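Me: Could you take one part of this model and go through it closely? Please explain each term when it comes up.

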Amino acid sequence: MQPGDQIPELRVTPDKYLTVRYAGASGDFNPIHIDEDFARQVGLPGRILHGLWTMAQVARAQTDAGGGPHSLRRLQVQFRGMGLPEHELVVTGTVHELRDGVAVVHTVAEQDGKAIIRNAEAEIAVE
Amino acid sequence: MAVNTNAVGKRYPPVTYAVGREKIREYAFAVGETNPLHLEVQAARALGYRDVVAPPMFAAVYASPAIGPALFDPEVGINFALMVHAGQEFRWGPLVVAGDEIETAVAVRDISERGGAGFYVFESVSTNQDGDTVCVGTWSNIVRGG
């Protein structure tokens, strides 16, 4: 990894029932993620993705690039907008700098060309 | 909106989470992990881990029982109908594996108001049974004015 290098792009399309599985796996049963009627009642376009699921996709792009879960030292994200089931998510990232054996990666997650995670920064230990 | 900053600095009793092998596998499938370290005991042991390895973002699972009481604390006073999870940071130490017992302590780091919105920042510190800090989380929430 050298400054300016791209990390391999990660593409994933959360299926219709992903938010239900993630709710069970994570314990976050906020109805905006699992109940279509409730989500619409509070003004959302429908059920939205859990931000921490989307962040997990950003993390996965970093650990894939870094060679495993041990490589990810830090990840900081800002959530923007709403992630939607059945829309492809694309995670991209660029190595910003190398310092003391750690690659600092600037990374973003987009759906339909709009960033739903932005200003994200990861630190990956480089062997 | 007016925010009450009395709770800044408040600490909550630590909560212990026992990390289960099948919970890691359930989580790994839900987030689409394909690395066998998270799914197969033999693959994890072949690389020197005691059991299946939790993906780093599993921190959201073992820390959440400790974060909940802070988020719902009436003294903090978050209006959930208007809250959005605005930002998140995790810094990781040694990997967590099935069988670990993770104790998480949460504190209110900051409450402030800018542009008519309330900003609530919590910190979680998660420690394994050997005393290693496995994850420090910074949880940022915004409550829109209303």
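Reply: What follows is a close look at one helix, and then at its surroundings.

The model is predicted: local features need pLDDT of at least 70, side-chain atom pairs count only at pLDDT 80 or more, and totals for chains, interfaces and linings use all residues. Residues are numbered from 1 along each chain as its sequence is written, while chains are lettered from A and ligands numbered from 1 in the order in which they are written.

The part is helix 3 of chain B, which covers residues 59-71. Helices (H or I, at least four residues) and strands (E, at least two) are DSSP runs, numbered from the N terminus. Helix 3 of chain B has 13 residues, and its first and last C-alpha atoms lie 17 Å apart, close to the expected 18 Å. The expected span is 1.5 Å times one less than the number of residues. At B:Pro65 helix 3 of chain B bends by about 50°; the bend is the angle between axes fitted to the seven residues ending there and the seven starting there.

Which residues of helix 3 of chain B are buried? They are B:Ala59, B:Ala60, B:Val61, B:Tyr62, B:Ala63, B:Ser64, B:Ala66 and B:Ala70. A residue is buried if 20 or more other C-beta atoms lie within 10 Å of its own, exposed if 12 or fewer, and partly exposed in between, with C-beta atoms placed from the backbone. B:Ala81, in the loop between helix 3 and strand 2 of chain B, is exposed because it has 9 other C-beta atoms within 10 Å. Its C-alpha atom is 34 Å from that of B:Val96, 15 residues away along the chain.

In chain B as a whole, there are three helices and five strands, in the order β-α-α-α-β-β-β-β from the N terminus. Buried residues are 36% of its 146 residues.

Helix 3 also matters for the contact between chain B and chain A. Two residues are in contact if their C-beta atoms, placed from the backbone, lie within 7 Å. How many residues does each chain give to the contact? Chain B gives 24 and chain A gives 25. On the side of chain B that touches chain A, helix 1 (21-30), helix 3 and strand 2 (83-92) of chain B are the elements that give two or more residues. Strand 2 of chain B has the largest share, with eight residues. By type, that side divides into 14 nonpolar, six polar and four charged residues. Here Ala, Val, Leu, Ile, Met, Phe, Trp, Tyr, Cys and Pro count as nonpolar, Asp, Glu, Lys and Arg as charged, and the others, Gly among them, as polar.

Residues from both chains also appear in the largest nonpolar core, which has 67 residues; A:Val58, B:Met57 and B:Phe58 have the most contacts inside it. Such a core is a set of buried Ala, Val, Leu, Ile, Met, Phe, Trp, Tyr and Cys residues joined through C-beta atoms within 7 Å. Outside its neighbours within four places in sequence, A:Val58 is in contact with A:Leu75, A:Val77, A:Val91, A:Thr107, A:Ala109, A:Ile117 and A:Ala120.

Chain A has four helices and five strands. Buried residues are 40% of its 127 residues.
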